[in-house]
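Please go through the model below with this report at hand. The report takes the sheets, the core and the helices in turn.

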Amino acid sequence: MKTLVLDLDETLVFASLEPQERVDLELVIGTTPCFVQIRPGLEELVASIKDRWRCLVWSTGQPAYVEATCKALGIDWMELWARDRCRRLDTIPEQHHEPFDKPLVWVEPDETSVVIVDNAPGSFACNPKNGIPIQTWRGERADRQLVFLADYLGWLVEQPDVRRDHWKWATEVLLLRNAGLALHG
Ligand SMILES: [Mg+2]
């Protein structure tokens with residue numbers, strides 16, 4: 001089975017220590033309240049990947065936050081990796097917005113069968129052909145990226161080698177959708 005690594009913050013959810021105009025989940029991590037919005041399309045995405053991929057959430061968040069959030073989202077059946085399993089980088093190239101990366105070889109040594117979806121491309125700097133960049137999400141309700149992603153992953157899981165230039169994935173899905181087609185049947 002191929003492995004799908006999902007980033008959490010600003011990919012699947014937007015979490016804040018301040019109450020937001022809209023709040024889907026209100027969590028308490030230790031003693032700290034945390035307000036979480038769920039990206040539209042998450043349920044649809046999860047339903048479509050559940051039996052087709054080995055699913056793993058890999059976040060730079062603290063373990064208690066990752067566990068509580070994934071449990072509340074109903075995705076704690078996935079393997080959960082948190083900041084303690086990220087690699088802290090000594091130097092921060094300009095394009096990195098976090099001083100961490102996520103070496104996919106730690107998850108799956110076969111590079112032909114592992115992809116990561118992350119809003120921070122720095123996370124997959126050492127595996128550029130395995131990285132599916134997704135727009136950073138901070139609560140826009142009209143966002144459709146996860147729905148498009150479900151289409152894309154449905155096609156990708158059938159490919160013998162998942163490595164490719166994934167940068168235009170959303171445009172490819174959108175063009176096909178607008179033409180009344182889908183990447184997979
Ligand atoms: Mg992120």
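Which residue is the bridge partner of L6 in β9? The partner of L6 is V117. The model that shows this is a predicted one.

## The parallel sheet

Strand β1 covers residues 3-6 and strand β9 covers residues 114-118. The two run parallel and are joined by four bridges; the pair L6 and V117 belongs to β1 and β9.

Both strands are part of an open, five-stranded sheet with parallel pairing. Its strand order is β6-β5-β1-β9-β10. The edge positions are taken by β6 (79-81) and β10 (131-133). Each of these edge strands has a single partner, so one side of each has no neighbour in the sheet. On average, neighbouring strands here are turned by 20° against each other, direction ignored.

## The loop after β1

E10 is found in the loop between β1 and β2, the latter being residues 13-16. Its phi is near 65°, a positive value in a residue that is not glycine. Most residues other than glycine have a negative phi.

Is E10 buried, partly exposed or exposed? E10 is partly exposed, because 18 other C-beta atoms lie within 10 Å, while a buried residue would need 20 or more.

## The antiparallel sheet

A second open sheet has three strands in the order β2-β4-β3, and here the pairing is antiparallel. The edges are β2 and β3 (25-29). Each has a single partner strand, and therefore one side of each is left without a neighbour in the sheet. Neighbouring strands of this sheet are turned against each other by 30° on average, direction ignored.

Strand β4 spans residues 32-38 and pairs with β3 over five bridges in the antiparallel sense. Within β4, P33 is the bridge partner of V28.

## Helix α2 and E67

Helix α2 lies across β2, β3 and β4. With respect to β3, α2 runs at about 150°.

E67 is placed in α2, which is made up of residues 63-73. E67 counts as partly exposed because 16 C-beta neighbours lie inside 10 Å. Leaving aside neighbours within four places in sequence, E67 is in contact with D76 and L80. E67 and I29 are 38 residues apart along the chain, and their C-alpha atoms are separated by 9.7 Å.

## The nonpolar core

How many residues does the largest nonpolar core have? This core has 41 residues. Those with the most contacts inside it are V5, V57, V115, I116, V117, L149 and Y152. Helix α3 (residues 145-156) supplies the largest share of the core, six residues.

V117, the partner of L6, is thus listed among the residues with the most contacts in the core. Y152 touches W169, V173 and L183, when residues up to four places away in sequence are not counted.

## Packing of α1 and α3

Helix α1 is made up of residues 42-49. Its axis and that of α3 are 8 Å apart, and the two helices pack at an angle of about 15°. That angle makes α1 roughly parallel to α3, since angles under 35 degrees count as roughly parallel. The crossing of α1 past α3 is left-handed.

Which residues meet where α1 and α3 pack? From α1 they are L42, E44, L45, S48 and I49. From α3 they are L146, V147, L149, A150, L153 and G154. L149 is also one of the residues with the most contacts inside the largest nonpolar core.

Note on methods. Residues are numbered from 1 along each chain as its sequence is written. This is a predicted model: local features need pLDDT of at least 70, side-chain atom pairs count only at pLDDT 80 or more; totals for chains, interfaces and linings use all residues. Two strands pair if DSSP finds at least two bridges between them. Axes are lines fitted to C-alpha atoms, for helices over the stretch in contact, and angles run from 0 to 180 degrees between N-to-C directions. A residue is buried if 20 or more other C-beta atoms lie within 10 Å of its own, exposed if 12 or fewer, and partly exposed in between; C-beta atoms are placed from the backbone. A nonpolar core is a set of buried Ala, Val, Leu, Ile, Met, Phe, Trp, Tyr and Cys residues joined through C-beta atoms within 7 Å. Two residues are in contact if their C-beta atoms, placed from the backbone, lie within 7 Å. Angles under 35 degrees count as roughly parallel, over 145 as roughly antiparallel, 65 to 115 as roughly perpendicular and the rest as oblique. A crossing is left-handed if the near helix is turned anticlockwise from the far one by less than a right angle, and right-handed if clockwise.
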